[in-house]
Amino acid sequence: MSTKTLRLAAALFVVAATSSTGSALAASQTSELNVRLEIQSGCTANLLEGATLDFGQVAGTPTNDIQRSARVSVSCSGYKPATGPGAVAPTLGLSYGLHSDGTQQRYVQSGTNKIAYSLYKNGYYGEAWGPVGAVSGGPLTINNLANDTPQEVTIYGVVKKTDITSKTPVGVYTDTVQIVLTY
């Protein structure tokens, strides 16, 4: 075999070897992807599905105060209450709403017309329910939230019969109250 033939055979062998296994110049590089998940303790307060404090429909002057309620579910995940002197239990506060006049009075409103209503912590309407720092009727204290079991809390509302007369303008009266869970 001549030198030219041997060189040609060697060149064909190199071409055949690289074409059958892919490029001889292939390379790889590795990097890292950092993955993170943080689980925190926390509590939530949510109106139960479909819960609205709806005082209903009134025509004329009501003969009794209008009393209704709505329910809130309060739950915590991984929450450990503080213990010892100075420990404070979680609280559920209710703002005075969108139409408050700067006092502790709440109002439902239609246009410029307002009707007063009140929110209470109990069904006998004896203890007003307000936000943290209220002069009277502050937030509701919630106990036993460390067991991860949701607790239902009832918000009681009343519109006094004397606040609606036959002269009260017709309309749909609404308000929005913020629910603030502090833990």
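Start by selecting Thr-168 and whatever it touches: leaving aside residues up to four places away in sequence, you'll find Ile-115, Asp-163 and Tyr-173. Keep in mind as you click around that this is a predicted model.

Now look at where Thr-168 sits on the chain. You're in the loop between β7 (151-159) and β8 (179-182). Is Thr-168 buried, exposed or something in between? Its relative accessibility is 22%, and buried means under 20%, so Thr-168 counts as partly exposed.

Next, pick Ile-115 again, one of the contacts of Thr-168. Ile-115 and Thr-168 are 53 residues apart along the chain, yet their C-alpha atoms are separated by 8.6 Å.

Stay on Thr-168 for one more click and add Thr-165. A polar atom of the Thr-168 side chain lies 2.9 Å from the backbone nitrogen of Thr-165.

Time for some rings. How many aromatic pairs does the structure hold? There are three. To describe such a pair, you give the distance of the centres and the angle of the planes. Try it on Tyr-120 and Tyr-125: they form an edge-to-face pair, 5.5 Å centre to centre, with 85 degrees between the planes. Both of these tyrosines, Tyr-120 and Tyr-125, are buried.

Then add Tyr-156 to your selection. Ring pairs link Tyr-156, Tyr-120 and Tyr-125 into a cluster.

Last stop: show Tyr-107 together with Lys-114. What lies over the face of Tyr-107? That's Lys-114, at 5.2 Å from the ring centre.

How values were computed: Residues are numbered from 1 along each chain as its sequence is written. This is a predicted model: local features need pLDDT of at least 70, side-chain atom pairs count only at pLDDT 80 or more; totals for chains, interfaces and linings use all residues. Side-chain values use heavy atoms; hydrogens and water are left out. Helices (H or I, at least four residues) and strands (E, at least two) are DSSP runs, numbered from the N terminus. Buried means under 20% relative accessible area, exposed over 50%, partly exposed in between (1.4 Å probe, protein chains only). Contact means heavy atoms within 4.5 Å. A polar contact is a pair of N or O atoms within 3.5 Å; within protein, one must be able to donate a hydrogen and the other to accept it, and residues adjacent in sequence count only if both atoms are side-chain atoms. Rings of Phe, Tyr and Trp (its six-membered ring) pair if their centres lie within 6.5 Å; planes under 30 degrees apart count as stacked, over 60 as edge-to-face and the rest as tilted. A charge sits over a ring if NZ of Lys or CZ of Arg is within 6 Å of the ring centre and within 35 degrees of the ring normal.
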